[in-house]
Amino acid sequence: MRSAEQPGPTGRPFVRPYRPGDLPQVYDICVRTADAGGDARGLYSDDRLMGDLFAAPYVTLEPEHAFVLDDAGLAVGYVVGTADTARFVERYRAEWIPAVAHRWPVPPVPPAESAPAVTPDEAMLALHHRPERMLVPELAGHPAHLHIDLLPAYQGRGFGRMLIQRLFASLADAGVPAVHLGMAPANVAARAFYERLGFTEISAPDAGSVTYLGRSTAPPV
């Protein structure tokens, strides 16, 4: 049987573990899919902002749960996650916020998530400087969480399922029983994809503009 890390004879894209050299592509994929699944380039003062929130901290802090879709040596999609959201929040504050402080300095008074935001940057940085927002009581039974993104040309071709399967295997091997994700309600295509994989909505009264979905780490059918 062919290893999951080896491309097929036709050069079909394949899933492999993340490598540090993939980081520029991870940032690029993230921003190109960050506007409810659409391209967010130019929406923020620095195109790295979305990657600094939703991709790079995962491949930096928990690379063992990061996988990419490789096409001819180039990452064209990824899935990243954490096995323990509470621990990830601690490390995000202690390690990640200082690591990117040269781009996103810690303000004297961190912005409140509910405070009115003047710019798109301020809205995102309010999330960045308050990682504790990830600690939602209703999600305690789903301790892991994930983010998955693929460039448009690779969507709808079964590659997302391949990435999810690989992450689920990694989390299950780590003893994690269940995983959750948060998504923009407007991203209806993404929700349909997750529901096909067995994710169901988790009710969280204070979720605001986020929809939470969860499921066990058993392999998708």
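**Exercise 1.** State which residue Val-79 stands opposite in E4, and place the pair in its strands.

*Solution.* Val-79 stands opposite Ile-148 in E4. The strands concerned are E3 (residues 74-82) and E4 (residues 144-150), which pair in the antiparallel sense over 6 bridges. Strands are DSSP runs of E with at least two residues, helices are runs of H or I with at least four, and both are numbered from the N terminus. Two strands pair if DSSP finds at least two bridges between them.

The model is predicted: local features need pLDDT of at least 70 and side-chain atom pairs pLDDT 80 or more, while totals for chains, interfaces and linings use all residues. Residues are numbered from 1 along each chain as its sequence is written, and side-chain values use heavy atoms, without hydrogens and water.

**Exercise 2.** Give the strand order of the sheet and find its edges.

*Solution.* The open sheet holds 7 strands, ordered E1-E2-E3-E4-E5-E7-E6, with mixed pairing. E1 (14-17) and E6 (200-201) are the edge strands; each has a single partner strand, so one side of each lacks a neighbour in the sheet.

**Exercise 3.** Determine which strands helices H4 and H7 lie across, and at what angles they run.

*Solution.* H4 (residues 85-99) lies across E3, E4 and E5 (178-183), at about 75° to E4. H7 (residues 188-196) lies across E4, E5, E6 and E7 (211-216), at about 165° to E5. Axes are lines fitted to C-alpha atoms, for helices over the stretch in contact (heavy atoms within 4.5 Å); angles between N-to-C directions run from 0 to 180 degrees.
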